[in-house]
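I am opening my notebook for a look through one protein model, a step at a time. Come along and keep the picture beside you as you read.

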Amino acid sequence: LRWRIALVAPGPTPPALHRMWKVSGLVATHARRRVASSTASWLRWSGGVAGGSAHDSSTSHEPHGTADGRGRQQGKQRSPAHRANSPVRHARTAASMPKYDEGWEEKEREPPAPGERVKALRRQLRDEAIAGRSGPLEDTFGRRHNYLRISLTEKCNLRCLYCMPEEGIDLTAKDELLSADEVVRIARLFVANGVDKIRLTGGEPTVRPDLEEIIRRLRALTGLRDIAITTNGLTLHRNLDALQAAGLTHVNISLDTLVPPKFELLTRRRGHDRVLKSIDRAVELGYDPVKVNVVLMRGVNDDELLDFVEMTREKPINVRFIEFMPFDGNKFEEKKVVSYCEAKERILEKYPSLTRMRDHKSEVAKNYEVDGHRGTVSFVTSMTDHFCGGGNRLRVMA
């Protein structure tokens with residue numbers, strides 16, 4: 001400041017500038033003293049903590065009434081309660097505080113045990129979820145996502161031609177898959193943010209031995225309305241009663257043919273009768289509708305189109321015809337695709353009362369009903385007609 005005043009006012013100094021000069025000098029002197037005092041104080045404190053210096057302020061032998069670098073009185077003993085309330089004072093070594101902490105030794109903090117950081121992260125996720133609902137999940141298109149699909153495993157007990165290559169796939173190590181605790185914790189976070197429906201998928205979810213436990217724990221989440229499962233139905237009839245008691249509210253079962261030998265050809269496994277048994281058991285337990293997923297393939301099962309529609313006559317079954325889609329290793333050919341329009345026209349020839357239902361804006365299928373049938377017919381137009389404009393689904397992989 002003095003230098004700047006000298007530049008703008010050379011020659012004799014006016015009284016006003018002279019006063020400013022003196023004030024600036026006082027400010028600079030005070031600032032230097034504060035810096036020097038703070039530095040000296042920091043050196044004394046750091047020396048006492050690191051090496052138990054005899055110059056520590058609380059054990060100084062200076063006469064009573066002298067001040068340290070921070071202007072505080074030296075030589076005055078402080079109570080243990082006072083020191084306990086000051087983390088800096090409490091961090092001193094035994095050498096710097098012999099009078100109050102006889103025998104006290106500072107212990108080095110042990111490194112965290114393996115997995116402790118992971119456990120801490122899991123606890124944090126849990127606490128964030130419990131803390132409260134923060135609002136619906138909405139994307140930039142204004143779509144609210146309230147439907148979560150969680151894949152529980154990559155394993156499957158079938159080898160369907162359109163789904164898995166003949167040589168199989170490389171599976172993720174078991175210890176890298178989501179545990180039951182992690183599935184529930186993730187679900188809790190999403191439910192806290194507006195998700196009210198969760199579907200458990202795979203692979204084949206029924207191969208997980210803790211499936212019933214997962215469903216039971218999901219059922220306990222406040223705000224979760226529906227818990228669904230998509231399965232091949234091979235073993236579902238064995239434990240569907242227990243799964244329903246645990247809280248399972250919706251069932252989707254995949255079945256691509258009503259002919260047993262063709263089932264073995266498509267899945268490379270036996271068990272057609274067990275899948276039908278699972279469908280019947282779901283109907284008996286009151287699931288309405290029981291959704292049956294059918295992947296239509298030209299020259300493979302498109303000749304059974306009307307037979308599947310007939311399944312809906314006496315039972316509350318929703319048959320869902322899905323257009324054949326390309327996957328790695330499934331030998332996709334466009335000529336195998338039976339389009340939604342073609343399938344609908346073929347059904348109308350026998351069932352002219354086939355009528356479009358009013359669908360929710362987030363519905364992926366085009367739903368139809370036939371007069372006199374308890375069930376319904378749907379088309380998932382994954383190849384020939386878009387259906388994602390109102391999408392509300394999220395997916396978490398195993």
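**Entry 1: a buried aspartate.** The model is a predicted one, and I started with D226. Is D226 buried or exposed? I looked up its relative accessibility and found 12%, so D226 counts as buried, since buried means under 20%. I then checked where D226 sits, and it belongs to strand 3, which covers residues 226-231. Next I asked what D226 touches once residues up to four places away in sequence are set aside. My list reads D196, K197, I198, R219, T249 and H250.

**Entry 2: the whole chain.** I stepped back to count. The protein chain has 12 helices and 10 strands. It holds 398 residues, and 39% of them are buried. I also looked at contacts with a separation of 6 or more: 68% of these join residues 24 or more positions apart.

**Entry 3: helix 7 and its buried face.** R219 from my first list turned up again in helix 7, a helix that runs through residues 211-219. Which residues of helix 7 are buried? I noted L211, I214, I215 and L218. Looking down the axis of helix 7, I saw these buried residues within an arc of 95°, so they line one face of the helix. Their packing partners are helix 6 (180-191), strand 2 (197-201), strand 3 and helix 8. Strand 3 is familiar by now, as it is where I found D226.

**Entry 4: helix 7 with helix 8.** Two packed helices are described by the angle between their axes and the distance between the axes. I looked up both for helix 7 and helix 8 (residues 236-246): the axes come within 8 Å and cross at roughly 20°. Helix 7 and helix 8 are therefore roughly parallel to each other, as angles under 35 degrees count that way. The crossing of this pair is right-handed. From helix 7, the residues L211, E212, I215, R216 and R219 meet A242, L243 and A246 of helix 8. I sorted the residues of this contact into 5 nonpolar and 3 charged, with no polar ones.

**Entry 5: helix 6 with helix 7.** I repeated the search on helix 6. Its axis and that of helix 7 come within 10 Å and cross at roughly 25°, which makes helix 6 roughly parallel to helix 7. Here, too, I wrote down a right-handed crossing. On the helix 6 side I found A180, D181, V183, V184 and A187, and they meet E213, I214, R217 and L218 of helix 7. The residues of this contact divide into 6 nonpolar and 3 charged, and again I found no polar ones.

**Entry 6: an arginine in helix 6.** R185 also lies in helix 6. I looked up its relative accessibility, which is 14%, so R185 counts as buried. How far apart are R185 and R217 in space? From C-alpha to C-alpha I got 9.9 Å, although 32 residues separate them in sequence.

**Entry 7: helix 12.** My last stop was helix 12, residues 340-350, where Y340, A343, K344 and I347 are buried. Seen down the axis of helix 12, they fall within an arc of 100°, so they line one face of the helix. What do the buried residues of helix 12 pack against? I listed helix 11 (305-310) and five strands by name: strand 5 (290-296), strand 6 (317-323), strand 7 (355-356), strand 8 (366-369) and strand 9 (376-380).

How values were computed. Residues numbered from 1 in each chain as written. Predicted model: local features only at pLDDT ≥ 70, side-chain atom pairs only at ≥ 80, totals over all residues. Heavy atoms only, no water. Axes fitted to C-alpha atoms, helices over the stretch in contact; angles between N-to-C directions. Helix = DSSP H or I, 4+ residues; strand = E, 2+ residues; numbered from the N terminus. Parallel < 35°, antiparallel > 145°, perpendicular 65-115°, else oblique. Left-handed = near helix turned anticlockwise from the far one by under 90°. Contact = heavy atoms within 4.5 Å. Nonpolar A, V, L, I, M, F, W, Y, C, P; charged D, E, K, R; others polar. Buried < 20%, exposed > 50% of the residue type's maximum accessible area, 1.4 Å probe, protein only. Arc of directions from axis to C-beta.
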